[in-house]
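Me: Please examine one part of this structure closely and set that part within the chain as a whole. I should like a single connected account.

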Amino acid sequence: MKAFSYHMPTRVVLGKGSAAKLGQYIQGERVLIVCDPFLYQSGAAQKLGAGLEGRVVEYFHEIEPNPSCQSVDAAAAAARALGAQTVVGLGGGSSMDVSKIVACLAGSQGSIYDYYSGGARTLEPRTVDLICIPTTAGTGSEVTNVGVFTDQMKGIKLPFVSDRFWPDTALLDPELTDSLPPAITASTGMDAFCHAIEAYWNKESQPICDALAVEAMGLILANIKRAYDDGADQEARGNMQLASLLAGMAFSQTRTTGIHAVSFPLTTEYGASHGTACSVTLPAFIRISGEGAREKMERLCAALGYAGIEELAAGVESLMVSMDMPVRLSQLGVREDALEHIAQVGLGAAIIQLTPAVMDQGTVTALLRSIL
């Protein structure tokens, strides 16, 4: 057995009503809650803040999907102006990712551009506490040290990995996911499945991550359609949030692979949601996974109740169709003449080489053509 290490310093609290206990984990008197416009306009963010009596609470609520570096710098400026001692990331992956780097930048005068996408500076130790509260069951960002941001000046979206990004506390409350629309339930849930399977077949995989990933995939296959069909199904909602957590704990150590690498241009250039951009290529990547991990993938198929790799790929594709998710690139507006460009951009992300198959211009383009 190869040597490995597993490190996740985040305190995890999961259960109904856990978000209401936020005050127990707050450090200091000045708190910035980072969220998207919907969570602010719906009053969900203010409800959370109202429970922090005796503290000064402000909100940065302009986080967009696939958050830009400009949004990061604006949120960091708000944190500095407040003198924030705790930053709370409330929402999906975008809000939580922004909260991670804002907690780092709150104690400095730098811009994200100083550290990200070729920046020359290294993040200093974080002096501001960081708490993440997911409102979707998908990204797992609450238990990773990764943030993904869009550099609009360069027109690229890349992951940013830093040990400064580990949240101090993750509060997972399944009740916060009850109001998710079916389409978001599907896309975020399949994003979690991608996290799990990419951690499992990853060239950097290890036994702890494998166990977490297999459990996560089993939970998703058993519960995602239930949650999609009936958002009030509390058991399914709770199981999906647990699955997202386990998948996040798995890929936090391994990173993701080709699915996520290829998703970057599909979000930045075609406007696809992150979960949709990932899952649209999922069946195709499953089919090629046997190239470098056949024995391991066959064990996974058996554990999940499938006869083999092709059956798993077909089963996942059928599940996606049943939730009205795109399974062809053309459904996202992609044309034949764009495939080589998408492949080239995907190959620019180092994580693509963690895929258990040959990843070069020819093979990636061919994979994309197979699902056009």
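Reply: A residue counts as exposed when its relative accessible area is over 50%, and as buried when that area is under 20%; values in between are called partly exposed. The model discussed here is predicted.

By the first of these cut-offs K47 is exposed, because its relative accessible area is 70%. K47 belongs to helix α2, which covers residues 44-50. Its C-alpha lies 9.1 Å from that of A20, a residue 27 positions away in sequence.

T135 offers a contrast. It sits in the loop that links β5 (129-134) to β6 (146-151). Its relative accessibility is 10%, so T135 counts as buried. Once neighbours within four places in sequence are set aside, the contacts of T135 are L39, L90, G91, G92, L176, T177 and L180.

E204 falls into the middle class: with 48% relative accessibility it is partly exposed. This residue is in the loop between α5 (182-201) and α6 (207-229). Residues up to four places away in sequence being left out, E204 touches K2, T254 and L354. K100, which is 104 residues from E204 in sequence, is 24 Å from it in space, C-alpha to C-alpha.

Two further loop residues deserve attention for their backbone. R255 is not a glycine, yet it has a positive phi of about 70°; its loop runs between α7 (234-254) and α8 (258-268). D324, likewise not a glycine, has a positive phi of about 60°. The loop that holds D324 joins α12 (309-322) and α13 (339-347). With a relative accessible area of 68%, D324 is exposed.

The interior of the chain can now be considered. In soluble globular proteins, nonpolar side chains tend to be buried together. Here the largest nonpolar core has 80 residues, and M190 and I197 are those with the most contacts inside it. Beyond residues up to four places away in sequence, I197 touches M217, L282, I286, M297, L300 and L312. Another core, of 30 residues, lies apart from the largest one and includes A79, L82, Y115 and F165.

These parts belong to a chain with 14 helices and eight strands. Its radius of gyration is 20 Å, close to the 21 Å that the globule rule gives for 372 residues, so the chain is as compact as a globular protein of that length. Along the principal axes, the C-alpha trace spans about 60 × 45 × 45 Å. Of the 372 residues, 57% count as buried. Among contacts with a separation of 6 or more, 78% are made by residues 24 or more positions apart.

As to the surface, the chain exposes about 14,300 Å², of which carbon and sulfur atoms supply 52%. The chain carries 26 positive and 39 negative charges, and the mean positions of the two sets are 3 Å apart.

In summary, K47 is exposed at 70%, T135 is buried at 10%, and E204 is partly exposed at 48%.

Technical notes
Residues numbered from 1 in each chain as written. Heavy atoms only, no water. Helix = DSSP H or I, 4+ residues; strand = E, 2+ residues; numbered from the N terminus. Rg over C-alpha atoms; globule rule 2.2 N^0.38 Å. Buried < 20%, exposed > 50% of the residue type's maximum accessible area, 1.4 Å probe, protein only. Contact = heavy atoms within 4.5 Å. Areas by Shrake-Rupley, 256 points an atom, 1.4 Å probe, with all protein chains shown as cover. Lys, Arg positive; Asp, Glu negative; His and termini not counted. Charge placed at Lys NZ, Arg CZ, Asp CG, Glu CD. Core = buried A, V, L, I, M, F, W, Y, C linked by side-chain atoms within 4.5 Å.
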